[in-house]
Amino acid sequence: MIILMGVPGSGKGTQGKRLAEERALSYLSTGDMLRQYASPEQHERIVKGHLLRDDEIITMVDGALNSMDDPNQSLFDGFPRSVGQTEWLLKQADVGRIESPCVLLLDISKDEVKKRLLLRGRSDDIPEVIEKRFAEYDTVTAPVLDYLKQKHVPVYEIDAAQSPEAVYSSIVECLAGIKGE
Ligand code: AMP
């Protein structure tokens, strides 16, 4: 299974949807699910730029995994986003529910993504909220990378400042290298 990580606006959704479609992978975006199913109270926290709690997210992902034909053939976008979520996911791999994941990190500077987010104009893409989401990334999500290293989960960095087409090519090249295609 493939996990896409990166700061908000790094292109996870764009790249993830395309990759999932071209490789017939089940695409799971916790952000998309929440935009569809979040309660009004959860929506309020999301538009303020807060991450939701691990238990809320894990319940949702657990259900999504149950309804997938083949959880191994899946691509996760925006999950895991905390060390707690990562612990849970790696436990699922330990018990054989999913194969051990490989992580693609979409690497791009915050200045560059800020410009992109302001163009995108989602309800959580206003300047103060963007700052809050970056702060959440730094404090809650960035430690996931160290945790993955500690657990020997491979993390591949992709230069996400390139054009969407070039980023996609880099992803395909990277995956080909991993699989020795
Ligand atoms: P995204 O579309 O991935 O940027 O997610 C939009 C928002 O949904 C985030 O800013 C969070 O508020 C919430 N969210 C999505 N995925 C997660 C997650 N794995 N953990 C906590 N909150 C999440």
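A disulfide is a pair of cysteine sulfur atoms within 2.5 Å. In chemical terms, a disulfide is a covalent bond between the sulfur atoms of two cysteines. The structure described here is a predicted model, and a search of the whole of it finds 0 disulfides. Cys102 takes part in none, as the nearest cysteine sulfur, that of Cys174, is 7.0 Å away. The same distance is found from the other side: for Cys174, the nearest cysteine sulfur is that of Cys102, at 7.0 Å, and Cys174 is in no disulfide either. Because the cut-off for a disulfide is 2.5 Å, a separation of 7.0 Å does not qualify. Both residues lie in the interior by the measure of accessible area: Cys102 is buried, with a relative accessible area of 13%, and Cys174 is buried, with a value of 16%.

The strands are considered next. Strands of a sheet pair through backbone hydrogen bonds, either parallel or antiparallel. In this model, 5 strands form an open sheet with parallel pairing, and their order across the sheet is E2-E3-E1-E4-E5. Strand E2 (26–29) and strand E5 (155–159) stand at the edges; each has a single partner strand, so one side of each is left without a neighbour in the sheet. From one strand to the next, the twist averages 20 degrees. Strand E1 (residues 2–6) pairs with strand E3 (residues 74–77) in the parallel sense, over 3 bridges. Leu4 has Asp77 in E3 as its bridge partner. Helix H8 (residues 164–179) lies across E1, strand E4 (102–107) and E5, and runs at about 155 degrees to E5.

In soluble globular proteins, nonpolar side chains tend to be buried together. The largest nonpolar core of this model has 52 residues. Those with the most contacts inside this core are Ile2, Met5, Phe76, Leu104 and Ile171. Helix H7 (residues 127–150) supplies the largest share of the core, 7 residues. When neighbours within four places in sequence are left aside, Phe76 is in contact with Met1, Ile2, Ile3, Leu4, Leu28, Val61, Leu65, Met68 and Leu89.

A further buried residue is Arg45, which is found in helix H3 (residues 40–47). Its relative accessible area is 18%; since buried means under 20%, Arg45 counts as buried. Not counting residues up to four places away in sequence, Arg45 touches His50, Leu52, Arg53 and Glu56.

Key: Residues numbered from 1 in each chain as written. Predicted model: local features only at pLDDT ≥ 70, side-chain atom pairs only at ≥ 80, totals over all residues. Heavy atoms only, no water. Helix = DSSP H or I, 4+ residues; strand = E, 2+ residues; numbered from the N terminus. Buried < 20%, exposed > 50% of the residue type's maximum accessible area, 1.4 Å probe, protein only. Contact = heavy atoms within 4.5 Å. Pairing = 2+ DSSP bridges. Axes fitted to C-alpha atoms, helices over the stretch in contact; angles between N-to-C directions. Core = buried A, V, L, I, M, F, W, Y, C linked by side-chain atoms within 4.5 Å.
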